[in-house]
Amino acid sequence: MKYPRVLAAVLLSAGMVSAAVAAPAVMLNDALITQILPADRASFHEAVAQALNSSADGQSTEWKSTHQRKKAAPITVQLTPKQTTNAGNDRVCRFLVGNFARTTTTETWQFWFCKQPDGTWKASAN
């Protein structure tokens with residue numbers, strides 16, 4: 001039960017509350033995204049925001065963890081916006097793909113994020 005709370009904390013602290021998570025929480029237990037340590041979360045959130053704010057569609061931004069548990073390899077993430085749309089009311093939304101890797105383990109996460117009036121990004125079911 002610890003890992004679903006970690007994922008929720010990761011998404012919430014970045015202003016990315018997600019109604020888009022369709023998988024049951026138990027499926028997140030060993031997910032790489034849940035293994036990002038608290039010491040790395042701020043830099044991960046900054047990389048996500050940078051990709052959403054500055055990267056052109058198809059342009060990747062790489063992030064790499066600098067803190068890991070004993071003897072664990074770092075987590076690397078390629079963040080790539082794939083599509084940008086206007087969702088009405090001048091609201092910009094972007095489809096972001098995150099390719100996570102640690103040694104031979106890889107995962108792909110995909111979310112729509114919409115820019116909020118305050119400039120933050122929020123994961124969206126739209």
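Trainee: How far from E107 is R102, the nearest side chain of opposite charge, and is E107 buried or exposed?

Mentor: Buried means under 20% relative accessible area, exposed over 50%, partly exposed in between (1.4 Å probe, protein chains only). Lys and Arg count as positive, Asp and Glu as negative; His and the chain ends are not counted. A salt bridge needs a side-chain nitrogen of Lys or Arg within 4 Å of a carboxyl oxygen of Asp or Glu. E107 is buried and has no salt bridge; R102 is 9.0 Å away. This is a predicted model: local features need pLDDT of at least 70, side-chain atom pairs pLDDT 80 or more, while totals for chains, interfaces and linings use all residues. Numbering runs from 1 along each chain as its sequence is written, and side-chain values use heavy atoms, without hydrogens and water.

Trainee: Which polar contacts does the side chain of E107 make?

Mentor: A polar contact pairs N or O atoms within 3.5 Å; within protein, one must be able to donate a hydrogen and the other to accept it, and residues adjacent in sequence count only if both atoms are side-chain atoms. The E107 side chain reaches the backbone nitrogen of L32 at 3.0 Å. It also pairs with the side chain of W109 at 3.2 Å.

Trainee: Which residues does Q35 touch, leaving out those up to four places away in sequence?

Mentor: Contact means heavy atoms within 4.5 Å. On that count, Q35 touches D30, R69, I75 and R102. The Q35 side chain makes a polar contact with the side chain of R102 at 2.6 Å. It also reaches the backbone oxygen of D30 at 3.0 Å.

Trainee: What is the relative accessible area of Q35?

Mentor: It is 17%, so Q35 is buried.
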